[in-house]
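The following note collects remarks on the structure shown below, arranged as numbered points for a colleague's reading.

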Amino acid sequence: MRHHRSGSSRPRGGFGTVLALVATLFLVVGCEADTTGADDPGPPTTDNGAGADSATPDPAKQEQQHPTRAGRTALFDRSGMIRSDLEVLDEVSGRCEASLLSPENEQARRCFTNETSLAMDPCFVPENPAPELLPDPGTGTESVTDQTVRDNPVETVAVCLRDPAAEGAVKVNVRDDDPSGVVDDVVDPWWFVVLADGTRCVKVLGVDDLREDLHLSYRCDDGFLHGLVDEDKRIWTIHHRKAGSDELNLAWVRSAWA
């Protein structure tokens with residue numbers, strides 16, 4: 001149960017693609033959000049909040065706008081296959097645990113691959129992976145012994161991406177999936193938010209940067225967000241600090257992804 005919160009056709013890449021993707025996009029201390037796909041429809045839920053025309057809300061006008069749209073990242077179809085519109089850029093293997101960036105989503109993971117020493121977060125697993133999605137025993141790109149492969153068959157697959165609107169992702173053949181660290185009491189479940197002006201922001205953790213007693217919580221393609229998303233009204237808000245500025249301004253949240 002979550003407590004209420006208030007705000008106080010490209011070629012297949014090689015191993016270098018994985019390194020670049022992991023190094024720049026999945027460090028748990030944050031990443032630079034991608035501005036491509038800024039017109040994505042938002043999470044697969046109800047009303048889209050794209051009607052707001054300013055990143056500095058006027059409380060008197062909030063009820064005239066569409067409410068914030070929030071939902072969970074969905075990368076698989078009903079059969080357990082990866083969505084047909086999502087291109088798998090690379091395929092690696094590894095182990096996964098509960099996500100730190102999207103802790104409320106039971107299908108979200110933080111994965112560690114055999115090919116790199118860095119973590120990818122968030123990644124997402126299907127509730128029931130399609131059999132044809134799983135590789136035959138002993139296949140894959142992992143640098144492990146044959147005995148290890150036989151003893152650790154692929155349990156599921158995870159798909160890792162940098163932005164809900166991204167067209168490409170990394171597929172992880174997961175040989176050890178342990179989501180037991182998922183917590184029931186989550187303060188901030190949203191790993192990605194889009195502001196009313198199109199600014200795209202990804203959650204960061206462990207950054208020591210207080211502004212007006214509000215911690216740095218998201219890194220954006222234009223600046224940063226501080227504090228928690230305020231969900232008190234139909235249109236959610238959060239404090240936005242644009243690049244090169246020390247000033248915090250209240251901004252509308254168009255959509256939020258868990």
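1. The side chains of R211 and D209 form a salt bridge, with 2.9 Å between N and O. R211 counts as partly exposed because its relative accessible area is 22%, and D209 counts as buried because its value is 18%, the cut-off for burial being under 20%. It should be kept in mind that the model is a predicted one.

2. This pair belongs to a wider arrangement: a network of salt bridges links D209, R211, R241 and D246. In total, the structure holds ten salt bridges. Side chains of opposite charge can pair when their charged atoms come close.

3. Two further salt bridges deserve mention. R83 and D85 meet through their side chains at 2.9 Å, N to O. R83, at 23% relative accessibility, is classed as partly exposed, whereas D85, at 51%, is classed as exposed. The assignment of D85 follows because the limit for an exposed residue is over 50%.

4. R95 takes part in two kinds of contact. It forms a salt bridge with E97, in which the closest N and O atoms are 3.7 Å apart; the pair qualifies because the criterion is a distance within 4 Å. R95 also lies over the face of F112, at 4.4 Å from the ring centre. R95 is partly exposed, with a relative accessible area of 39%, and E97 is likewise partly exposed, at 29%.

5. Where is R200 found? This residue is in strand β8, which comprises residues 200-203. R200 is buried, its relative accessible area being 0%. Its side chain is joined to that of D163 by a polar contact of 2.6 Å.

6. As regards the strands, β2-β3-β4-β5-β6 make up a closed barrel of five strands with mixed pairing. From one strand to the next, the twist averages 50°. Within the barrel order, β3 (residues 108-113) and β4 (residues 119-124) run antiparallel and are joined by four bridges. In this pairing, A108 stands opposite F124 in β4. Strands of a sheet pair through backbone hydrogen bonds, either parallel or antiparallel.

7. The count of aromatic pairs comes to three. One of them is formed by F124 and W191, whose ring centres are 6.2 Å apart and whose planes stand at 45°, so the pair is tilted. F124 lies in strand β4, while W191 is in the loop between β6 (168-178) and β7 (192-195); the pair therefore ties together parts that are 67 residues apart in sequence. F124 and W191 are both buried.

8. Another pair is that of W190 and W236: the ring centres are 5.4 Å apart and the planes are at 45°, so this pair is tilted. It links distant parts of the chain, with W190 in the loop between β6 and β7 and W236 in the loop between β11 (223-230) and β12 (237-241), 46 residues apart. Both W190 and W236 are buried.

9. Which residues form one aromatic cluster with F124? The cluster consists of F124, W191 and F192. F124 thus appears in two settings: it stands opposite A108 in the strand pairing, and it takes part in this aromatic cluster.

Methods
Residues are numbered from 1 along each chain as its sequence is written. This is a predicted model: local features need pLDDT of at least 70, side-chain atom pairs count only at pLDDT 80 or more; totals for chains, interfaces and linings use all residues. Side-chain values use heavy atoms; hydrogens and water are left out. Two strands pair if DSSP finds at least two bridges between them. Axes are lines fitted to C-alpha atoms, for helices over the stretch in contact, and angles run from 0 to 180 degrees between N-to-C directions. Buried means under 20% relative accessible area, exposed over 50%, partly exposed in between (1.4 Å probe, protein chains only). A polar contact is a pair of N or O atoms within 3.5 Å; within protein, one must be able to donate a hydrogen and the other to accept it, and residues adjacent in sequence count only if both atoms are side-chain atoms. Rings of Phe, Tyr and Trp (its six-membered ring) pair if their centres lie within 6.5 Å; planes under 30 degrees apart count as stacked, over 60 as edge-to-face and the rest as tilted. A charge sits over a ring if NZ of Lys or CZ of Arg is within 6 Å of the ring centre and within 35 degrees of the ring normal.
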